[in-house]
Structure formats: C-alpha cells, structure tokens
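Please look over the sequence and the structure shown below before reading on, since the report that follows is meant to be read beside them.

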Amino acid sequence: MIRQLVILLSGFLFALGLGVSEMTRPEKVLGFLDVFGNWDPSLAFVMGGAIVVYAAALQFVKRRDEPQFGKRYRIPTRTDVTPSLIGGAAIFGIGWGLVGFCPGPGIVAASALVTPALYFLPALIVGILIHRWLFN
Amino acid sequence: MMEFIPIAATTGGLTEFTPIAATIGGVLIGLAAAIMMLSEGRIAGISGILSGALKNEETDPPRWQATFLGGMVLGGIVLAATQGLFDRDFVMTQLEIAPWLAIAAGLLVGFGTRLGNGCTSGHGVCGIPRLSIRSITATLVFMGAAAATVYVTNHIFAFGGLS
C-alpha cells in the first residue's frame, strides 16, 4: 500500500512539475522548438532543473545496493545506437513538433479536459498499439 | 500555400520566457523521477509507463503503471482547478489546434516513442543524467526533428499551432 502511494505521489509531482513549468501548454513547447521564431528558452530550464535533481539522486543510487521497495534497480544497460532508436526518435519528434504535446503533457492536459489533448491522447494510445501489433 | 510568413508575425508574444517557473517545474519533475528510481528502481519514462499500463503483465507492485498514471491524472485535475487563482494558466492553451493535427501528432508520438524506446522523460530527464549514449542520441534526434517540423509547419506552410 505504501508503495502504491509513493508511486501515486510521484505521478502527481510529475504532473505538477509539467504544469508549473507550463510544459502542458503547447504554445510554450512550440515556442521552445521555434528556434528561428520568437524563441522561448523555458523548456531548456525545465530539462536543466530535472536533470540536475535526477543526477543528484543517481549519486544515492550508486551508494545503495537496492531501491527502498523494489527488488532491484532496473536501469537500461544498452549502448547500441540502432536505426530503430534514431527512426523512432525522428518520428516522435515530428509528432511532437506538429502540436507541442509529448506523452506526459498530453496525459496531464487530457486530464484537465483540454480539447486538443482529448484528440491527442486516444491517438497516442492507438500509436502505441500499432507499434505493438507490427513488432510483437 | 508556399507563401512565406514573416517570422515575427507568426509567433510574436505568444509566450514569455519564464526561467524561474521553468526551473521550479523542472525540479519537481526531477524529484518525481528520483522518487521512482530510489523507491522502486524504475525509470520514470512516461511513454513506457503508458505502454506498460496497456499490457496485462504481472508487475511488482501490481499495476504500478496505472497507479503512476492515476497520480498524473490527479495532477491534471488539480492544475485545472487552479485556473483563475494565479496570474497564469497551467494547462489551458490559447492555440486553436485542428483535431486532425492532434490525432496525427498522437499517432506519430505513440508509434515513434515505442520504436525509439522512450520520450522526453525516459530519454531526456532520466537518460541524459546517466550519460546514456542511446538517450543522448535520441534526445538530439527528437529535438532536431521537432524543431524542423515547427519550422516547416509554421514558417513555410503555416498550418502549425503557432501560425
């Protein structure tokens, strides 16, 4: 029970962070991606803040053999840069640049009943399922 | 359709640079991801979590992905409820985004993040601090592809959200 509560809190904080930084609003994200327009560098500060905090947390991970509740750390170990990785990232980037939603903000904005997110989220799920049907 | 739109007219003044709010939000996101790693040993990658929630798999703890997403939904509801309390909106958009565009974007983002094993959170927030070559590569590629898409859709063809 405590584990599920901590996971719930993590999801909640993640959403709050996206909201406070306004990454849930497509104009804010598109303003960052619009490097040749009226550039809004805010997203770089969101990434920077998150990366610094996470990097600090990884220092604790190094000092402890296992996580507080989980059986082991599940940290990806692959180092191969594959065509799928690059192709997938490129397809994701095109979709991200079309509207300004990536998965996290899409979920949060849909929960707030923001209209474009209500189209985006079901399509996001269908996109995930199409990949599963094709590749599994 | 090839009419060139002056850059300043397309995006002028839609958003302002908000470094403090952005940093606070980023710290919250980093904390959330840190909590997942330190308590469960798991990467807080949203596309992976959503994909996992759509599977019928035994996980430890059971259905943890659904719990995490539940927390995100709660967050979205709280953010929506704060509308009008602050001098800015946290979730509402002023852009008029055509439904077909949002649907196309969702399909591409869903398919692409699965093919590329991650999105802004998994590769960006959680991968870059690990100095993962895969995540750094993926982040550069999706940022570049997204910036190119914004340029093409808003400055050349003018059907993107900013135009």
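## Helix α6 of chain A and its surroundings

In α6(A), the buried residues are P116(A), A117(A), Y119(A), F120(A), L121(A), A123(A), L124(A), G127(A) and I128(A), and this description, like everything below, rests on a predicted model. The cover over these buried residues of α6(A) comes from both chains, for it includes α4 (83-99) and α5 of chain A as well as α3 and α5 of chain B.

The length of this helix can be checked against an expected rise of 1.5 Å a residue, and helix α1 of chain A can be treated in the same manner. The table sets out the two cases.

| Helix of chain A | Residues | Expected span | Distance between end C-alpha atoms |
|---|---|---|---|
| α1(A) | 2-20 (19 residues) | 27 Å | 26 Å |
| α6(A) | 115-135 (21 residues) | 30 Å | 31 Å |

For α1(A) the computed distance agrees with the expected span, and for α6(A) it agrees as well. Just after α1(A), the residue E22(A) takes a positive phi of about 65°.

One residue of α5 in chain A deserves a separate look. P105(A) lies in this helix, which covers residues 103-111, and P105(A) counts as buried because 29 other C-beta atoms lie within 10 Å, where 20 or more are needed. If its neighbours within four places in sequence are left aside, P105(A) is in contact with L18(A), M23(A) and T24(A). By C-alpha atoms, P105(A) and I51(A) are 18 Å apart in space, while in sequence they are 54 residues apart.

Turning to the other chain, chain B has seven helices and zero strands, so that its pattern, read along the sequence, is α-α-α-α-α-α-α. Its C-alpha atoms fill a box of roughly 55 × 40 × 30 Å along the principal axes, and of the 163 residues in chain B, 53% are buried. Among the contacts in chain B between residues at least 6 apart in sequence, 48% join residues at least 24 apart.

How many residues of each chain take part where the two chains touch? There are 112 residues of chain B in contact with 107 residues of chain A. On the side of chain B that touches chain A, the elements giving two or more residues include α1 (7-11), α2 (19-40) and α7 (133-156) of chain B, and α2(B) gives the most, with 21 residues. Sorted by class, this side of chain B has 66 nonpolar, 39 polar and seven charged residues.

Methods:
Residues numbered from 1 in each chain as written. Chains lettered and ligands numbered in written order. Predicted model: local features only at pLDDT ≥ 70, side-chain atom pairs only at ≥ 80, totals over all residues. Helix = DSSP H or I, 4+ residues; strand = E, 2+ residues; numbered from the N terminus. Buried ≥ 20, exposed ≤ 12 C-beta atoms within 10 Å, placed from the backbone. Contact = placed C-beta atoms within 7 Å. Nonpolar A, V, L, I, M, F, W, Y, C, P; charged D, E, K, R; others polar. Expected span 1.5 Å × (residues − 1).
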